[in-house]
Amino acid sequence: MKHSLLIAGLGIVSLVAVNSASAADAAKGEAAFKKSCGACHSVKAGEKKIGPNLAGIAGRAAGTEAGFKYSEGFTGVSWNAATLDKYLADPKASFPKTKMTFAGVKDAAERADIIAFLGVK
Ligand code: HEC
């Protein structure tokens, strides 16, 4: 009896470990964000860079930071994990006239990490 409980318990622990290894990793996302996005974007509220501020980007409608001059047509989606994933994979496919001069993040796992870091669901 004691034995089977112990074995069941170990099974749960290893399942949890496997799950968290494959899930998006916000800490890795932070490093990737610094490397690929940080030159143009800040996640500190109010800090201005070349690109729009990304604090509170989750659920925000695209193209709506007050005072930022977006390119023509940068509108029509609200930022969730799916729209942001699509945008980051190939920015020009979502917004042909975007002035975000960035080729995109080709690695899906890296995109998921960045999206987790930004708190977008
Ligand atoms: C070379 C500068 C640059 C880099 C690098 C860059 N961006 Fe951007 N980003 C911009 C600009 C400029 C815009 C505004 C786009 C427009 O108006 O067409 C933008 C727009 C965005 C938006 C839309 C924001 C809104 O208010 O709707 C998101 C989200 C975004 N970028 C995320 C990222 C992420 C995540 C990365 C890194 C993987 C990244 N960007 C890399 C310059 C950059």
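What percentage of the 121 residues in the protein is buried? The answer is 28%. Keep in mind as you click around that this is a predicted model.

**Whole chain first**

Show the cartoon and colour by secondary structure. You'll get five helices and zero strands, so to speak an α-α-α-α-α pattern when read along the sequence. Switch on a surface and you're looking at about 7,800 Å² of accessible area, with 65% of that belonging to carbon and sulfur atoms. If you like contact maps, pull one up: among contacts with a separation of 6 or more, 38% are between residues 24 or more positions apart.

**The iron atom**

Now select the ligand and centre on its iron atom. Two side chains coordinate the iron, His41 through NE2 and Met100 through SD, at 1.9 to 2.1 Å. Put some angles on the site: the six donor atoms give values of 83 to 178°, and the geometry is octahedral. Trace the backbone out from each of the pair and you'll end up in distant parts of the chain, since histidine 41 belongs to the loop between α2 (26-36) and α3 (81-89), methionine 100 to the loop between α4 (91-94) and α5 (108-117), and the two positions lie 59 residues apart.

Are these two residues buried or exposed? Histidine 41 has a relative accessible area of 12%, under the 20% cut-off, so it counts as buried. Methionine 100 comes in at 18%, so it is buried too.

**Around the ligand**

Expand the selection to the residues around the ligand. There are 27 of them, and Cys37, Cys40, His41, Ser71 and Met100 come nearest. Next, show the ligand's oxygen atoms and pick out three side chains:

- Tyrosine 70: a side-chain N or O atom sits 2.6 Å from a ligand oxygen.
- Threonine 98: here the distance from a side-chain N or O atom to a ligand oxygen is 2.7 Å.
- Tryptophan 79: a polar side-chain atom is 2.9 Å from an oxygen of the ligand.

**Two serines in one loop**

Select serine 71, in the loop between α2 and α3. Its relative accessibility is 14%, which makes it buried. Draw a distance from its side chain to the backbone oxygen of lysine 97 and you'll read 3.4 Å. Beyond its neighbours within four places in sequence, serine 71 is in contact with Lys97, Thr98 and Lys99.

Then move to serine 78, also found in the loop between α2 and α3. This one is partly exposed, at 37% relative accessible area. What does serine 78 touch, not counting residues up to four places away in sequence? Light up Gly59, Arg60, Ala61, Ala62 and Thr83. For a backbone view, the C-alpha atoms of serine 78 and alanine 58 are 8.3 Å apart, with their positions 20 residues apart along the chain.

**Finish on α5**

Select α5 and start where the helix starts: a side-chain oxygen of aspartate 107 reaches to within 3.0 Å of the backbone nitrogen of alanine 109. Which residues of α5 are buried? Show Arg111, Asp113, Ile114 and Ile115 as sticks. Turn on the neighbouring helices as well, and you'll find α2 and α3 included in what covers these buried residues.

Last stop, glycine 119, which follows α5 and has a positive phi, near 75°.

Methods: Residues numbered from 1 in each chain as written. Predicted model: local features only at pLDDT ≥ 70, side-chain atom pairs only at ≥ 80, totals over all residues. Heavy atoms only, no water. Donors = N, O, S within 2.8 Å, 3.2 Å for Na, K, Ca; no water. Tetrahedral: all angles 85-135°; square planar, octahedral: opposite > 155°, others 65-115°. Helix = DSSP H or I, 4+ residues; strand = E, 2+ residues; numbered from the N terminus. Buried < 20%, exposed > 50% of the residue type's maximum accessible area, 1.4 Å probe, protein only. Polar contact = N/O pair within 3.5 Å; in protein donor to acceptor, adjacent residues only side chain to side chain. Contact = heavy atoms within 4.5 Å. Areas by Shrake-Rupley, 256 points an atom, 1.4 Å probe, with all protein chains shown as cover. Near = heavy atom within 4 Å.
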